[in-house]
Amino acid sequence: MTQADFTSLNAAGLNLQAIFNIADLPAELAGEIRQRFDPESRYRQLILIGHGGKRLWAALKDSGITSENPIDDFSSAMVRQWLAAHRHTIIYPARDSLGLQALGKLAGWHHASPFMVGINETWGSWYAYRVVVLSDTDFAPSIRQTTASPCTQCPDQPCLASCPAGALSGDAFDLNKCIAYRKQPASACRATCLARVSCPVGTEHRYCDAQIAHTYTISMRMIDARY
């Protein structure tokens, strides 16, 4: 096996990478991959690509991409370029893909947070899953990151008090309260999440205001369409 060279992905801000041998994944997940995406078993590996921090947004702006889904399109283009010498299939971004949080847990990136966004001690909540790709590569698999949830070491938990909807005040996140508040015309969370930005973990990696607004404007559009 060879070590993957992530130089081009890192330069594009796609600086989180986890490589799995499909045969070594939990049996249920491996079976789902074969059944849904690779019935002929053409691929050996699943590669999870994410971004942490601010670099992706800057690289996207430098690229000049202005499509309807610019982050998805930019990320997919960078991964296709990176794997140009290998047979591969991108299965996320896609409407019907694998569970991203489950893959994030396998990589050791993901811990649950009260505000329902994954969190870890390095990036806080300022990271995201960008591409899942199946490939015929023979890269050395990644070593799973083993870190504790930063939420268990946060006694003040300012996110709980910062949610104007009161969606974090009970034993579990109240999605209905969150949606009802965000749909209000004067909502302070239409283009942000006050609970998320109040989190003290990884603040040095917090997205710029434009990226935060882009992310939450998309989610608001989905809420308006569904509820």
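In the account of pocket linings below, Ala, Val, Leu, Ile, Met, Phe, Trp, Tyr, Cys and Pro count as nonpolar, Asp, Glu, Lys and Arg as charged, and the others, Gly among them, as polar. On that basis, the lining of the largest pocket in this predicted model consists of 31 nonpolar, seven polar and nine charged residues. The space within this pocket comes to about 1900 Å³, while the second largest pocket has a volume of about 220 Å³.

**Largest pocket**

- With a volume of about 1900 Å³, the largest pocket is lined by 47 residues, and those closest to its centre are Tyr92, Thr215, Ile218, Ser219 and Met222.
- Two or more lining residues come from each of helix H4 (70-82), helix H5 (100-107), strand E4 (127-135), helix H7 (175-182), helix H8 (194-198) and helix H9 (209-226).
- Among these elements, H9 provides the largest share of the lining, with nine residues.

**Second largest pocket**

- The second largest pocket, at about 220 Å³, has 16 lining residues, and Ile19, Phe20, Leu106, Ser142 and Arg144 are the ones that lie nearest its centre.
- Strand E1 (16-21) and helix H5 each contribute at least two residues to this lining, and E1 gives the most, with five residues.
- Divided by class, the lining of the second largest pocket holds 10 nonpolar, four polar and two charged residues.

**An element found in both linings**

- Helix H5 (100-107) supplies two or more residues to the lining of the largest pocket, and H5 also supplies at least two residues to the lining of the second largest pocket.

Terms used. Residues are numbered from 1 along each chain as its sequence is written. This is a predicted model: local features need pLDDT of at least 70, side-chain atom pairs count only at pLDDT 80 or more; totals for chains, interfaces and linings use all residues. Side-chain values use heavy atoms; hydrogens and water are left out. On a 1 Å grid over the protein atoms alone, a cavity is a set of points where a 1.4 Å probe fits but cannot get out, and a pocket is an open set with protein on both sides within 12 Å along at least five of seven lines; lining residues have an atom within 4 Å of a point. Grid points are joined across faces, edges and corners, and a volume is the space filled by probe spheres set on the points. Helices (H or I, at least four residues) and strands (E, at least two) are DSSP runs, numbered from the N terminus.
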